[in-house]
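The following exercises concern the structure shown below. Please attempt each task before reading its solution.

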Amino acid sequence: MTDPNRQKIIDAIDANRDQAIRFLQDMVAIPSVTGDEAAIQEFVSGYMTGIGLDVDMWETDWEELKKHPGYRPVDRGYEGRPNIVATRKGSGGGRSLLLNGHTDVIPVGNGEGWSDNPWSAAIKDGRIYGRGSCDMKSGVASHILAVQYLKEAGIDLKGDVYINVVIDEEVSGHGTLDTVIRGYTADAGISGETSDLAVQPACIGRIWFQIDVQGKPAGIQQRYMGISAIELGNKVVKAVQELEDHRVATVKHPLYPNALDSLPCIIGSFQAGNYPSAFPASAVLKGSIGTVPGEDHEGVKQSLVDKIAEMAKNDPWMKDHPPVVRFVGYDAQASEIPRDHGIVETVCRTYTEITGKTPVISGRQGAADTRFLNEYGHTPTVIFGPGSTAVMHANDEYVSIDDYMTSIKVMALSIYDWCNAEPIAKS
């Protein structure tokens, strides 16, 4: 490191290791299931105000949000669920950077399947455990602390840095969409989503669907007169599996070499009948489809509709009583930025500087809010975070402390390099 500031930055982070661990533990210990994000957002806002950042915290106007083409229907509004952007203004003449992450997490039920309280934030074997430790409070914490330690080390920046902490990612991504609507954009962005410290210029899309199946009712004594919706539903499951097989064999993307992992097309829920001693005349099947960047999002939906219609046409009952395919719930488009974009190269370079290793460059096998920043915010955003996609949403969720500390260092040097470089010429 020929620039003495670089070693100064790393030394500052190493000196604050215990504080960094406690900060993440404090975040994990605050329950923040989607819809109940007020406490965590207040905590994060207060912390960033305390370290001298200019904090903008606001509640989404649900009615205004509905007018945006990126909006997807949700069941509840955003009162008491604020979004945050904290700004560290640069001195001028540098590039701006937006750091994006969410604090909402998926439910934990009554803690079934967990070895400890899901909000314990306990440390064991070099890991911090708890819901959100991986997805993605560790990513958010690495953004905040990277900016804090740069500031406390007296490191000047030319470009502005925005720390964007949002809600509702697990259901809709509307927190990030509303950040764009509020006018926050930058020359580039980094999302702290789970990536196992891989540098990811792309994320898959995800489409939820529901298929309603109607059989022929009958009394249980004369069940042979009816058409079982369970049997019909099993045919639907087979058709969806055939669609997945076709997609895995034909859909290609260089950042997703393992199509089987990247393109799930499954039935995840199958509910039929309504009573143990009654004939099952109806069924509801729910599932999801993964997509990769470059695909026609609406065309993928149509391929499912066509596949189910084709299957039904060849069934003696369903040809006249076809299943109804609906797209309800989560609906996220795949997104990517060029692999050789400057922000990708910056994160790769600093990762190598910190670890001595060449980073893995891959596509994230999960949807991400980068779709809104790339598409509507014109903020080319790369994904880099300490959490593991294999662990997110799992019982006994955890993050490696060493990966977390590495992420803070990579973030700090990436901010330093990006924001002190010459602005990108606007065409």
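**Exercise 1. Determine which residues ring pairs link into a cluster with Phe23, and how Phe372 and Tyr376 are arranged.**

Step 1. Rings of Phe, Tyr and Trp (its six-membered ring) pair if their centres lie within 6.5 Å; planes under 30 degrees apart count as stacked, over 60 as edge-to-face and the rest as tilted.
Step 2. Phe23, Phe43 and Tyr47 are linked by ring pairs into a cluster.
Step 3. The count of aromatic pairs comes to 8. One of these is formed by Phe372 and Tyr376, with 6.5 Å centre to centre and 25 degrees between the planes, and is stacked.
Step 4. Buried means under 20% relative accessible area, exposed over 50%, and partly exposed in between (1.4 Å probe, protein chains only). Phe372 is therefore buried at 4%, whereas Tyr376, at 29%, is partly exposed.

The model is predicted: local features need pLDDT of at least 70, side-chain atom pairs count only at pLDDT 80 or more, and totals for chains, interfaces and linings use all residues. Residues are numbered from 1 along each chain as its sequence is written, and side-chain values use heavy atoms, with hydrogens and water left out.

**Exercise 2. Decide whether strand β3 is enclosed or open, and identify its partner strands.**

Step 1. Strands (E, at least two residues) are DSSP runs, numbered from the N terminus; β3 covers residues 97–102.
Step 2. In a regular strand the side chains alternate between the two faces of the sheet.
Step 3. On one side of β3 lie Leu97, Leu99 and Gly101, on the other Leu98, Asn100 and His102, and all are buried. Because 6 of the 6 residues are buried, β3 is largely enclosed by the rest of the structure.
Step 4. Two strands pair if DSSP finds at least two bridges between them. β3 pairs with β6 (residues 161–166) in the parallel sense over 6 bridges, and Gly101 stands opposite Val165 in β6.
Step 5. β3 also runs parallel to β7 (residues 188–191), joined by 4 bridges; here Leu99 stands opposite Ile190.

**Exercise 3. Establish how many disulfides are counted, and examine Cys265 and Cys419.**

Step 1. A disulfide is a pair of cysteine sulfur atoms within 2.5 Å.
Step 2. By this rule the count is 0.
Step 3. For Cys265, which is in no disulfide, the nearest cysteine sulfur is that of Cys203, 18 Å away. Cys265 counts as buried because its relative accessibility is 1%.
Step 4. Cys419 is likewise in no disulfide, with the nearest cysteine sulfur, that of Cys348, 17 Å away. At 0% relative accessibility, Cys419 counts as buried.
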